[in-house]
Structure formats: C-alpha cells, structure tokens
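Please work through the exercises below with the sequence and the structure at hand. Each task is followed by a solution in steps.

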Amino acid sequence: MADIRAMCAIGLSGQLGLNGRLPWEGNKEREFVADVARFFEVTRGHVIIAGPATIGSIPAFAYEDRTICEIRSTHHPEEVLGWFPDRVVYVGGGPPVWDVYAPYIRHWDINRLPYDGEADRWFDPAWLVASENGG
Ligand SMILES: NC(=O)c1ccc[n+]([C@@H]2O[C@H](COP(=O)([O-])OP(=O)(O)OC[C@H]3O[C@@H](n4cnc5c(N)ncnc54)[C@H](OP(=O)(O)O)[C@@H]3O)[C@@H](O)[C@H]2O)c1
C-alpha cells in the first residue's frame with residue numbers, strides 16, 4: 001500500500017483558497033516564499049494527486065521531478081491509491097478531495113501562515129480524525 005500523506009498551507013482561520021488560487025498568492029514575505037519552496041522540496045520524487053483546479057495551478061517545472069496526477073470524482077480512492085503501490089502519495093486537495101481521501105491519510109503536514117484575509121476554500125479539522133466508516 002502507498003504511504004499516503006497530505007500537505008497544505010492554511011491562514012490563521014483555516015483559509016485554503018481564493019478564486020482558484022492560494023489566498024496569499026504573490027505575497028513575497030519570508031514565510032510565504034518558504035512555504036512554496038518547502039512544498040516542492042518535500043514532494044520531490046513522490047506522487048501528488050489532486051483535483052483539476054489544484055492541478056491547474058501547479059507550475060510546469062514541478063513535473064520534472066515528481067509524479068503529478070489529476071483525479072476525478074468518478075475514481076474510487078482505493079482504485080487511485082492502487083495506481084501507486086510502494087510510493088509516497090501526497091493528497092493535494094482541494095476540499096472535496098480531502099473530504100473523501102482523509103480516512104486514508106496517515107501523515108498531515110500543515111503550515112499555518114500569518115494570513116488573515118478572505119477565502120472561498122477552508123481547511124476542515126474533521127479531516128484529521130476521519131475514519132473510513134464515516135467517523
Ligand atoms: N492552501 C493549500 O495548501 C491548498 C492546497 C490545494 C488547493 N488549494 C486551493 O483550493 C482551491 C482548489 O480546490 P477546489 O476544491 O476548488 O478544486 P479542485 O482542486 O479541482 O478539487 C475539487 C475537485 O476534485 C475532483 N475530485 C477528484 N476526486 C474526487 C473525489 N473522490 N470526490 C470528490 N471530488 C473529487 C472533483 O472534480 P470532478 O467532479 O470534476 O471530478 C472536485 O470538484 C484553489 O483555490 C487552490 O488554491 C489550496
């Protein structure tokens with residue numbers, strides 16, 4: 001079975017996304033730049049699975065040294081995870097994807113950034129304790 005993980009960055013109230021992008025996109029302050037750099041460092045050599053909007057925001061260079069796979073709601077999570085046996089798989093969101101894949105995720109890496117502005121996508125703490133039987 002794959003080693004299934006998740007990595008995300010959130011604002012101070014759990015902000016995840018805004019207008020299809022990161023809410024703090026373009027912010028050049030140290031924490032924000034370091035967060036993006038660390039995402040590419042940690043996922044290097046591994047698999048990222050994510051919904052179409054999240055995949056669309058991944059830059060071309062990222063395809064050089066990791067496996068990036070768009071997943072759709074028609075795929076069952078066990079089918080998708082079965083495509084990558086013996087790999088480290090990062091479940092990259094967005095929220096509907098984490099709603100479904102959370103029970104399979106063993107390791108969460110969450111960076112809480114100093115952002116206090118608006119958002120239209122939010123982190124749900126229930127993901128951290130989700131179980132396959134709906135708990
Ligand atoms: N802060 C962070 O770390 C972070 C990380 C990721 C994303 N984001 C942000 O989140 C936003 C994008 O997320 P999004 O949710 O709007 O779009 P998304 O990334 O396309 O993810 C949602 C879509 O994934 C597809 N999907 C694949 N497997 C699924 C499943 N088993 N169950 C349900 N849906 C599944 C569905 O599309 P179909 O029904 O068409 O297949 C669903 O609409 C952006 O603002 C992005 O910047 C932030």
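The exercises concern a predicted model and treat its fold and then its ligand site.

**Exercise 1.** Determine how many helices and strands the protein has, and in which order they run.

*Solution.* Step 1: the count gives four helices and seven strands. Step 2: read from the N terminus, the order is β-β-α-β-α-β-α-β-α-β-β.

**Exercise 2.** Assess how the radius of gyration of the protein relates to that of a compact globule.

*Solution.* Step 1: for 135 residues, a compact globule would have a radius of gyration near 14 Å. Step 2: the protein has 14 Å, which agrees. Step 3: along the principal axes, the C-alpha atoms fill a box of roughly 40 × 35 × 25 Å.

**Exercise 3.** Describe the shell of residues around the ligand by class and by element.

*Solution.* Step 1: the ligand takes the space of the largest pocket. Step 2: strands E1 (3–10) and E2 (15–17) and helices H2 (52–56) and H4 (95–101) each give two or more residues to the shell. Step 3: H4 gives the most, with six residues. Step 4: the ligand is surrounded by 25 residues, of which 14 are nonpolar, eight polar and three charged.

**Exercise 4.** Identify polar atoms of the protein that lie within 3.5 Å of N or O atoms of the ligand.

*Solution.* Step 1: on the backbone, an N or O atom of Leu-16 lies 3.0 Å from a ligand nitrogen. Step 2: a backbone N or O atom of Ala-53 is 2.8 Å from a ligand oxygen. Step 3: among side chains, a polar atom of Arg-121 lies 2.8 Å from an oxygen atom of the ligand. Step 4: the protein covers 82% of the 930 Å² of accessible area that the ligand has on its own.

Terms used:
Residues numbered from 1 in each chain as written. Predicted model: local features only at pLDDT ≥ 70, side-chain atom pairs only at ≥ 80, totals over all residues. Heavy atoms only, no water. Near = heavy atom within 4 Å. Polar contact = N/O pair within 3.5 Å; in protein donor to acceptor, adjacent residues only side chain to side chain. Areas by Shrake-Rupley, 256 points an atom, 1.4 Å probe, with all protein chains shown as cover. 1 Å grid on protein atoms, 1.4 Å probe; cavity = no way out; pocket = protein on both sides within 12 Å on 5 of 7 lines; lining within 4 Å. Sits in = over half its atoms within 2 Å of the grid points. Nonpolar A, V, L, I, M, F, W, Y, C, P; charged D, E, K, R; others polar. Rg over C-alpha atoms; globule rule 2.2 N^0.38 Å.
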